[in-house]
Amino acid sequence: MADRKISTPLGSQGDAVPLGGPGSGNWGHAGRKGKRGGSLPRWSAMSVKSGKTAQIRQVVARSGARLPSKLSDDPTERAGQVRKAFAQMAEAEGRLKAITSDAGQKLREVSNARQRAFSAAVDWDAPVAEINAVQDRINAEWATRYNGALEDWRAKDAAYNEVRNGRVARARELLLAAAPDTPAKSFKWEAVEPRNITMRSQVMKNAQVAADFVNGLVRSRSVASEVGMPAMLRIKKGSVRASCRENDVKCDRKTSVRTLVHEFGHFIEHYSPVPFAHAVAFLRSRTQGEKLVSLSAATGNSGYRPNEQTRPDRFLSAYVGKHYAHGSTEVLSMGLEYLYAEPLWFATQDPGHFDATLTAIWTYDANR
Ligand SMILES: [Zn+2]
């Protein structure tokens, strides 16, 4: 069959026809108002530009990163696979941000040029009606360029926001999908409220969200799992610094989901030796030979007690390296907290800690 390459595309837009199609860069849309459009190869169709540009569609399509169809059975390799998908999402977000800010810059330039044209054309001593007429004329002259730049920026800004707003939810979906298929016991909590607190406080809802997140990371979806030892949520009056000792999680009525995820991390480290061993090994490997310094000095936060010390390393927070005489760590707690609140940032800014957190949580089993 003869090569069907056509050098001149059909339609009045000629070579300006954008490469269309969701993510493909190869297809144009041939549709009529009120009818569903069909996709045709670029060389045979006149592209109808609507909403997102081809460039935006391509970046958006790639931002919905997927996990590989076959996840490794090795926890460290598997963590690396998740991290790669997160890095891809973060990269797409960065590219969209750059594209959007370029469009914003262009819009400002057009707007400034329009303003300069107006300033040059107007006679400031003329009656207001005349000045308004000049303004209208300049606006009409610049309408195509200005509206084009505005529309372009709006489309790009909307695409960027869509990706940015969906990123944490999407990342959590991927974390769920990546949880290994093992019958680990479910993580559970029970609340202990002081007698004088009668209303159901926000912390109860937050604890459920936090527990669901932790369970999503550890629990198999295809194997029925029993419930392990519960974390006891001791809700205090007033405002307290949340903490966890053995299975007692101290909190107040407003403790956030993020903080509860952190405290549940301590609980898991305490009750499950394998994740604990992972956390200790990671902390040692990263901080070998480092001297202990006070947390206040390392973080610039004077709220820590003088006996609270850390090996700050290059962790995302000096708190990750916190030293406990009884051997506990902040590795799993801080890691889970980042995984919940800032998964893409975590994956790209401290890949080692990211992998160690997933590897540790995937070996959780309250039975051991
Ligand atoms: Zn902690």
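**Strand pairing, helix span and burial**

β7 and strand β8 (residues 309–310) run antiparallel and are joined by two bridges. This is a predicted model, in which local features need pLDDT of at least 70, side-chain atom pairs count only at pLDDT 80 or more, and totals for chains, interfaces and linings use all residues. Residues are numbered from 1 along each chain as its sequence is written.

Q: What makes β7 and β8 a pair?
A: Two strands pair if DSSP finds at least two bridges between them. Two bridges join β7 to β8, so the definition is met. Ser 294 has Gln 309 of β8 as its bridge partner.

Q: Why are β7 and β9 said to stand at the edges of the sheet?
A: The open sheet has the order β7-β8-β9, with antiparallel pairing. β7 (293–294) and β9 (322–323) each have a single partner strand, so one side of each lacks a neighbour in the sheet.

Q: In which sense does β6 pair with β4, and in which with β5?
A: β4 (residues 231–236) and β6 pair in the parallel sense over five bridges; Leu 233 has Val 249 as its bridge partner in β6. β5 (residues 243–245) and β6 pair in the antiparallel sense over three bridges, with Arg 245 opposite Asp 248.

Q: Which side chains of β6 (residues 248–252) point to the buried face?
A: A residue is buried if 20 or more other C-beta atoms, placed from the backbone, lie within 10 Å of its own. Val 249 and Cys 251 are buried on one face, whereas Asp 248, Lys 250 and Asp 252 point to the other and are not.

Q: How do you know the reach of α4 is close to that expected?
A: The expected span is 1.5 Å times one less than the number of residues. For the 17 residues of α4 (202–218) this gives 24 Å, and the helix reaches 25 Å from its first C-alpha to its last.

Notes: Helices (H or I, at least four residues) and strands (E, at least two) are DSSP runs, numbered from the N terminus. A residue is buried if 20 or more other C-beta atoms lie within 10 Å of its own, exposed if 12 or fewer, and partly exposed in between; C-beta atoms are placed from the backbone.
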